[in-house]
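Me: I am new to this structure and would like a close look at a single part of it. Please take one residue, place it in its surroundings, and keep the account plain.

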Amino acid sequence: MNAVVPTAAPISEMDRAEMDAFLDNMRLILSVLGHKVLEPTGGHSRGQGEESLFYLKRSGANAMGKPGPEGFSVMKGTIAAKNTVPSIPEAALKKRRLLMDKGVIDPEFCFTQDWPFSSPSLAAAVVTGSSINGQTAWKDKDGVSLKQAEIQEET
């Protein structure tokens, strides 16, 4: 008997980022109540150190991040774009405002600590202040995109 493997639903990267933002909010609320459900597990197998870092320079942003168990973490010292564009996804705009209110992004638009995001696209959108595909925007020191690196890892 052959096992049937379910496939992922065909939704856009930004719709997925909005769903991930909703799950982030639910995780926060549930953890405050003392429930450890919906916690991310697993992670990328890419090695530790310099080779696992990805960079994003665009729209005045100068960012560094890496994949991890939470999804994708933007590193302390990252400079986010000062302005946002009208087409920024609502989830990214809300997350950006929340991080500014919490002091994670300071008045100079600098990340004061490492911060996990549920997806590389949400991280990229918050950093650049625009709608952006994080799978292709984040690149390693050799210019290889996150998506390309993941494909190379699988082979």
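Reply: What follows is a description of one helix and the residue at its end, with a short note on an aromatic pair. The model is predicted, and the residue chosen is Thr128, which sits in helix α3, a run covering residues 120-128.

The helix as a whole is mostly covered, with nine of its nine residues buried. Among them are Pro120, Leu122, Ala124 and Val127, along with Thr128. For Thr128 the relative accessibility is 1%, so this residue counts as buried, the cut-off being under 20%.

Two polar partners of the Thr128 side chain can be named. One is within the helix: a polar atom of the side chain lies 2.8 Å from the backbone oxygen of Ala124. The other is Ser130, whose side chain makes a polar contact of 2.9 Å with that of Thr128. Between Thr128 and Ser130 comes Gly129, just after α3, with a positive phi of about 70°.

Beyond its neighbours within four places in sequence, Thr128 touches Leu56, Arg58, Ser59 and Ala61, and also Ala81 and Asn83.

Elsewhere, a search of the whole structure finds one aromatic pair. The ring centres of Phe72 and Trp138 are 4.6 Å apart and the planes stand at 40°, so the pair is tilted. Phe72 belongs to strand β3 and Trp138 to the loop between α4 and α5, so the pair ties together parts 66 residues apart in sequence. Phe72 is buried, at 0% relative accessible area, and Trp138 also counts as buried, at 0%.

Technical notes:
Residues numbered from 1 in each chain as written. Predicted model: local features only at pLDDT ≥ 70, side-chain atom pairs only at ≥ 80, totals over all residues. Heavy atoms only, no water. Helix = DSSP H or I, 4+ residues; strand = E, 2+ residues; numbered from the N terminus. Buried < 20%, exposed > 50% of the residue type's maximum accessible area, 1.4 Å probe, protein only. Polar contact = N/O pair within 3.5 Å; in protein donor to acceptor, adjacent residues only side chain to side chain. Contact = heavy atoms within 4.5 Å. Phe/Tyr/Trp six-rings, centres within 6.5 Å; stacked < 30°, edge-to-face > 60°.
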